[in-house]
Amino acid sequence: WVDQRRAIFEQQMVMKAFWGLALLALTSAQPIDLLQNEPIILYADVSPKLRIITKSSAFSGVMPNDIECVFSPKVDPSIYTVNIANDIMLSLVLNPGKKWNENPTIDGTTLYLVELKIRGENRLNAIEDVAKVVPTPSVLKSDQVIYQKATRQFIINGTNFNPKKTDLIFEPALIRNQDYILNVATQSTLVLTRTTSSLWRSDPGPLKLRRIDTGGGQLRINPNDDGIVVAEVQADLDSHGVTVESTPNERSYQSTGRISVIGEGFNPTDNHFRFANGLRGHGVNYTTMEHSVNMITMQLKPGSKWRSNPENLPGPLNLLAVDAGAGFVAVGPTEAKKGRAVATIFEDVSIVSSSKVAFSSHSHEIWIVGKGFTRGDYKTVLTFDPPIEDRIPNDITALVFNRTHIRLSIYEGESWLSSKITQPVPLRVMSVNTGPGPVMMNGDGSSYGSTKSVVGAGKGVVIATLQPDEKQHSDVQVFRSTSQSLYQTAALKDLKITGKGFKDGMTLNFDNGLYNNVDFKMTVDSAEQVTLSLKSGRKWRVEGGALRIMSVKLPDEDEPIVVGSGGEGVAVAEILDDPFITSGERIIFATHTKQLTINGYGFVLDDTRITLSPTLPDAYYLDSVEPYRIVLHLRDGFSWDDDVFEKGNSQDIFVTKIDTRAGEVVLNNGQGVVIAKVEADLDDNNCDDSCEYAFDGLCDDGTSSERDWYDDDYGGFYGYDDGQYYDYGYYYYGDDHYGDDTFLAAICDVGTDCTDCGGPTHPTEAKIVECDNSCQWSNDGFCDDDRTSGLCTAGTDCHDCGPVGASNFTSLFGDDWEWNSEGDSFWDDDDNYWVGDDELAYAPMESFEDKERMNDGAGSLFINAMQAIVYFVGLVFCSGGAFVGFKIYKGETPPMAFPMADEPDVESKNSLLTSSGRANVPVTPDVFTS
């Protein structure tokens with residue numbers, strides 16, 4: 001029985017050891033957290049290693065065969081070999097001929113580590129995105145010939161170019177944005193544009209592409225030959241010396257005329273032009289009529305247009321390049337769509353025919369409606385039949401409001417017709433000159449020569465029918481008086497109405513329903529004049545326009561006496577909108593800011609004056625006036641405020657008075673309205689207009705805050721091909737890629753296009769977005785704001801970059817990250833060294849990821865639910881194990897039965913004990929003796 005008892009005791013000890021080991025295993029299997037919070041970028045079939053790094057020791061005493069990684073999307077374990085570099089790092093080495101992912105997207109396919117199993121047990125605490133797999137780029141060899149400086153652009157073809165991240169290293173070296181501008185046109189096409197002051201090579205020879213980086217680090221290309229030839233650079237030829245003069249004073253309408261290009265080095269027999277708007281020669285849009293070394297003359301083909309976007313005219317016709325026999329040579333800045341303005345193109349003029357009746361003295365204005373009218377720098381000149389142009393501006397004014405409307409107004413006391421004319425007379429516009437020269441008008445309103453076979457060709461277009469006034473009442477009349485201008489509500493002066501037969505107690509009936517003693521107070525000064533005073537809180541008109549009297553009711557007459565002709569009444573005053581200035585405190589600089597815009601409404605185009613404080617009246621002039629905007633220009637040698645000259649000084653600029661023809665309005669009780677804050681000129685905000693392309697309406701020094709760069713020449717925004725107007729699309733011609741007019745780069749130094757750009761942004765004025773995801777590239781795993789690619793404004797790709805000001809761009813792995821001589825960063829674990837290991841840049845992404853939100857879709861919810869289940873099951877097992885271990889440790893019976901050897905009966909058991917109850921055999925819990 002002693003042996004039987006020993007067997008029982010041994011089984012008990014084994015069970016205690018089993019539960020102790022189980023408890024130890026449960027307490028030692030700590031969950032694993034990864035250190036690499038940013039995914040490593042891998043090329044699909046080239047990047048040699050995927051490293052998984054833990055925060056604490058996880059692989060001590062673990063063999064490679066003990067480890068299993070489970071990824072999503074699935075990665076077959078057969079494609080890689082597991083190496084344990086040290087206690088905290090695994091290295092998964094890609095096997096030859098294998099890929100991390102078969103079909104990654106161009107922006108990268110994220111690789112999630114779902115499970116990290118050690119000896120069959122998942123130890124990963126949370127699912128992590130450990131890598132992003134991008135397709136491996138390739139580059140095609142090319143023997144295309146380009147010239148050192150004559151070639152503006154050339155193309156590199158290949159595969160898997162990333163529009164958001166593609167960098168190149170050349171031999172000889174070319175520096176991006178200094179020597180060339182790179183545009184990823186498609187995933188298979190790169191367009192390189194030479195900057196104006198650079199050369200493709202300093203001497204003739206091959207241009208090699210040594211490395212390319214599309215997101216996964218610098219990838220060597222054809223390393224055995226130190227790169228791949230993408231072009232053969234040859235010396236410029238004599239015919240590459242062609243130059244073109246800018247001749248903006250040569251003017252032409254859209255659809256007519258000849259244009260001569262002046263320059264040097266032209267081929268005397270045949271030349272090819274490349275225009276910025278896609279205009280084509282050889283009879284497509286124009287035909288070259290004359291060739292010489294110094295001048296080429298082009299004739300427009302009927303049905304074509306020199307430029308097709310009338311909203312942006314007048315505007316330049318820009319010649320980008322000339323081929324005089326040796327390929328196209330850029331004649332202007334190569335990195336932007338500027339070229340040379342060989343002519344200024346004006347919109348074709350047209351006028352809408354009108355049958356409106358204008359009475360000789362009762363009608364005070366006639367509107368001309370059409371297209372192509374010019375104002376400002378250009379002047380629209382009209383001729384009429386009858387020839388009323390001789391009376392402009394003495395008796396009649398002609399005011400061009402915009403490209404579609406002209407207003408003719410007749411002065412008080414004047415008439416459209418002579419009193420001798422008793423029959424209706426059509427008023428025709430015979431010719432119009434908006435800048436290029438006079439064009440005769442057709443009867444249908446088109447310009448002569450722009451169309452064929454029209455009625456009344458060259459005989460003018462009718463804009464009104466002039467009729468003698470209708471017979472008026474012999475005793476009571478109201479005289480037209482549009483020389484009086486009044487504001488809607490500003491009671492600066494009274495309204496004087498002249499006529500005859502006025503009496504006390506009479507009533508004036510207005511077209512807008514004004515009433516005596518309700519809207520105004522009327523005083524009869526004499527039989528020839530009455531005075532109207534506007535009552536407080538009332539308006540002469542709800543909106544600006546002519547105030548008309550329709551009839552007069554005398555106290556002794558039963559019916560009102562109709563005045564005027566044609567039921568239009570008589571205009572007795574011009575009511576102007578109350579002028580309003582929008583308050584704002586835009587920061588400007590004392591002398592560096594050349595233009596100041598005042599916003600508001602009620603401004604009159606031909607007669608607006610303002611008073612600023614403290615700016616001197618002689619310091620500025622009104623550059624332009626629109627109904628909702630006034631642009632002031634600072635004169636040379638003046639300052640917006642002479643007292644602001646030291647750094648830190650500032651002064652508000654106020655508009656204290658404004659007069660839009662109806663009298664001077666004092667704003668805000670003389671205190672004025674703030675429109676800007678003047679600060680001292682700062683060294684980092686120097687601003688002038690020394691840029692060659694200043695004053696062209698487009699910012700050319702790169703300081704504008706706009707992301708969409710407006711195409712001042714052809715409408716729309718850069719990046720949209722002008723083929724939309726000419727339907728030419730994309731095509732190859734000569735040695736340049738043609739058709740893509742993407743805005744490429746600023747062509748002038750910062751601060752040298754002050755008027756067009758507004759000057760560099762003041763540090764305190766920039767609007768900062770701290771954190772949102774309004775960037776169109778947000779939530780893609782790459783930081784795309786100004787801290788990296790610059791595709792989006794700072795702070796608008798918050799999910800990928802983090803909020804503005806956050807320290808998102810330091811090395812995630814501290815001193816363990818090393819840098820090679822070319823600036824590539826990599827994690828060097830020295831395991832399974834491969835020559836490609838240090839060639840590929842496994843650099844941390846300079847971005848910030850919200851790890852609480854892996855994805856916003858249904859997959860994210862499923863993964864989160866699975867994680868919760870795993871945590872719950874683990875908690876149950878750990879709690880149960882701890883409870884059972886504690887019971888065993890106390891010598892108590894576990895809460896479940898285990899099969900044991902049969903025990904002896906009670907008598908046998910008792911016989912093992914002495915009378916004192918002690919065992920005859922000494923027993924210890926740790927040692928057995930035999």
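## Overall picture

A contact here means heavy atoms within 4.5 Å. In this predicted model, residues 24 or more positions apart account for 67% of the chain's contacts with a separation of 6 or more. The chain has 930 residues, and 46% of them count as buried. Its secondary structure comprises six helices and 57 strands.

The accessible surface of the chain is about 45700 Å². Carbon and sulfur atoms make up 51% of that area.

## Confidence

Mean pLDDT for the chain is 78. A value of 70 or more is reached by 73% of the residues. Among the elements, strand β39 (residues 507-510) has the highest mean, 96. Strand β54 (residues 731-733) has the lowest, 31.

Two stretches call for caution. Over residues 706-743, pLDDT stays under 50. The model still has 116 contacts beyond four places in sequence for this stretch. Residues 807-860 also stay under 50, with 126 such contacts. Where pLDDT is low, the predicted coordinates should not be read in detail.

## The largest nonpolar core

In soluble globular proteins, nonpolar side chains tend to be buried together. The largest nonpolar core in this chain has 30 residues. Ile581, Ile610, Leu612, Leu632, Trp640 and Ile675 touch the most other members. Six strands each supply at least two residues of this core: β47 (595-601), β48 (609-613), β49 (620-626), β50 (629-634), β51 (650-659) and β53 (673-679). Strand β53 gives the most, with four residues.

Another core lies apart from this one. That second core has 29 residues, including Leu42, Ile52, Val82 and Ala131.

## Two core residues up close

Start with Leu612. Beyond its neighbours within four places in sequence, Leu612 is in contact with Tyr620, Leu632, Trp640, Ile653, Phe654, Val655 and Ile675. Leu632 and Trp640 are on that list, and both are also among the core residues that touch the most other members.

Now Leu632, which sits in strand β50. Is Leu632 buried or exposed? Leu632 counts as buried because its relative accessibility is 0%, and the cut-off for buried is under 20%. Leaving out residues up to four places away in sequence, Leu632 touches Lys594, Gln595, Leu596, Ile598, Ile610, Leu612, Tyr620, Tyr621, Leu622, Asp623 and Trp640. Take Tyr620 from that list. Tyr620 and Leu632 are 12 residues apart in sequence, with a C-alpha to C-alpha distance of 6.3 Å.

## A four-stranded sheet

One open sheet has four strands, in the order β27-β29-β32-β31. The pairing is antiparallel. Which strands stand at the edges of the sheet? They are β27 (350-351) and β31 (396-402). Each has a single partner strand, so one side of each is left without a neighbour in the sheet.

Strand β27 is joined to β29 (residues 365-371) by two bridges, and the two strands run antiparallel. In this pairing, Ile351 stands opposite Gly370 in β29.

## Salt bridges

The structure holds 22 salt bridges. One of them joins the side chains of Arg661 and Glu574, at 2.7 Å from N to O. Arg661 lies in the loop between β51 and β52 (664-666), and Glu574 in strand β44 (residues 570-576), so the pair ties together parts that are 87 residues apart in sequence. What is the burial state of each partner? Arg661 is partly exposed, at 23% relative accessibility. Glu574 is buried, with a relative accessible area of 16%.

Another bridge links Arg609 with Asp607, with 3.0 Å between the closest N and O atoms. Both partners count as partly exposed: Arg609 has a relative accessible area of 46%, and Asp607 has 21%. The side chains of Glu115 and Lys117 also meet in a salt bridge, at 3.4 Å from N to O. Glu115 is partly exposed, with a relative accessible area of 25%. Elsewhere, a network of salt bridges links Lys165, Asp167, Arg176 and Asp213.

How values were computed. Residues are numbered from 1 along each chain as its sequence is written. This is a predicted model: local features need pLDDT of at least 70, side-chain atom pairs count only at pLDDT 80 or more; totals for chains, interfaces and linings use all residues. Side-chain values use heavy atoms; hydrogens and water are left out. Buried means under 20% relative accessible area, exposed over 50%, partly exposed in between (1.4 Å probe, protein chains only). Accessible areas come from the Shrake-Rupley method with a 1.4 Å probe; for residues, only the protein chains shown count as cover. A nonpolar core is a set of buried Ala, Val, Leu, Ile, Met, Phe, Trp, Tyr and Cys residues joined through side-chain atoms within 4.5 Å. pLDDT is the predictor's confidence in each residue, from 0 to 100. Two strands pair if DSSP finds at least two bridges between them. A salt bridge is a side-chain nitrogen of Lys or Arg within 4 Å of a carboxyl oxygen of Asp or Glu.
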